Amino acid sequence: MAISLKTVLCIGCGCFIGGILRYLTGLYISSRWAVVPPHMPWHTLVINFVGCLMMGVFCGLFHKGLVQNPSVQAGLTAGLCGGYSTLAAFAWENAELLRAGAHLTAACYMVATLVGGVLCFMLGYAAAQAVAR
């Protein structure tokens, strides 16, 4: 699969903007709602929901042919939405699996991602703690 420099730059710019927006959104919500552990991480939940909403809007526009440039599509999805919230990509992939009728695959992917993600985080955390001793 060949990928153009233009596409890579569009993704990079999108990630840059998405990451900054995620950070600023998180700061804003945390300061407004006094989010501190062990309370509900509302800032992350809102960021993930907004990211999924944006991914849905962009994909809807792409499927209708309103945005046809593949570099722009990649910049908006993998870049902007991916930099803002990786849950958006997860939601998109599951929606595509469900739309294709692959319900069991979607269910397995959802469970594996959620459980595996938490387990991998815990493993990485434990490894860092062991090395830092």
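A residue is called buried here when its relative accessible area is under 20%. By that yardstick, buried residues make up 21% of the 133 residues in this protein. Keep in mind that what you're looking at is a predicted model.

**The overall picture**

The secondary structure is easy to sum up: five helices and zero strands. Reading from the N terminus, the order of elements is α-α-α-α-α. Taken along the principal axes, the box filled by the C-alpha atoms is roughly 50 × 35 × 30 Å. The protein exposes about 9,000 Å², and 75% of that comes from carbon and sulfur atoms. As for how the chain meets itself, take the contacts with a separation of 6 or more: residues 24 or more positions apart account for 58% of them.

**H2 against H3**

Now for a pair of helices. Two packed helices are described by the angle between their axes and the distance between the axes. For H2 and H3, the axes come within 9 Å and cross at roughly 175 degrees. Angles over 145 degrees count as roughly antiparallel, so H2 is roughly antiparallel to H3. On the H2 side, the contact is made by Ile47, Val50, Gly51, Met54, Met55, Phe58, Cys59 and Phe62, while H3 brings Gln73, Leu76, Thr77, Leu80, Cys81 and Tyr84. Sorted by character, the residues of this contact come out as 11 nonpolar, three polar and no charged.

Phe62 is a good residue to click on here. Setting aside neighbours within four places in sequence, Phe62 is in contact with Val67, Gln73, Leu76 and Thr77.

**The largest nonpolar core**

In soluble globular proteins, nonpolar side chains tend to be buried together. In this model, the largest nonpolar core has eight residues: Met55, Phe58, Cys59, Phe62, Val67, Leu80, Cys81 and Ala88. Helix H2 (42–63) and helix H3 (70–84) each supply at least two residues of this core. H2 gives the most, with four residues.

**Three buried residues that are not in that list**

Glycine, serine and asparagine each turn up at a buried spot, as the table shows.

| Residue | Helix | Relative accessible area | Contacts beyond four places in sequence |
|---|---|---|---|
| Glycine 26 | H1 | 9% | His43, Ile47 |
| Asparagine 48 | H2 | 16% | Arg22, Ser85, Leu87 |
| Serine 71 | H3 | 6% | Ser4, Lys6, Thr7, Cys10 |

Start with glycine 26, which sits in helix H1 (residues 5–33). Its relative accessible area is 9%, so glycine 26 is buried. The residues it touches, leaving out those up to four places away in sequence, are His43 and Ile47. There is a backbone distance to go with this: the C-alpha atoms of glycine 26 and threonine 44 are separated by 6.8 Å, with the two positions 18 residues apart along the chain counted as their spacing.

Next is asparagine 48, in helix H2. Why does asparagine 48 count as buried? Because its relative accessibility is 16%, and the cut-off is under 20%. Its contacts, again without the neighbours within four places, are Arg22, Ser85 and Leu87.

Last comes serine 71, which lies in helix H3. With a relative accessible area of 6%, serine 71 is buried as well. Away from its sequence neighbours within four places, serine 71 is in contact with Ser4, Lys6, Thr7 and Cys10.

Notes:
Residues numbered from 1 in each chain as written. Predicted model: local features only at pLDDT ≥ 70, side-chain atom pairs only at ≥ 80, totals over all residues. Heavy atoms only, no water. Buried < 20%, exposed > 50% of the residue type's maximum accessible area, 1.4 Å probe, protein only. Contact = heavy atoms within 4.5 Å. Core = buried A, V, L, I, M, F, W, Y, C linked by side-chain atoms within 4.5 Å. Axes fitted to C-alpha atoms, helices over the stretch in contact; angles between N-to-C directions. Parallel < 35°, antiparallel > 145°, perpendicular 65-115°, else oblique. Nonpolar A, V, L, I, M, F, W, Y, C, P; charged D, E, K, R; others polar. Areas by Shrake-Rupley, 256 points an atom, 1.4 Å probe, with all protein chains shown as cover.
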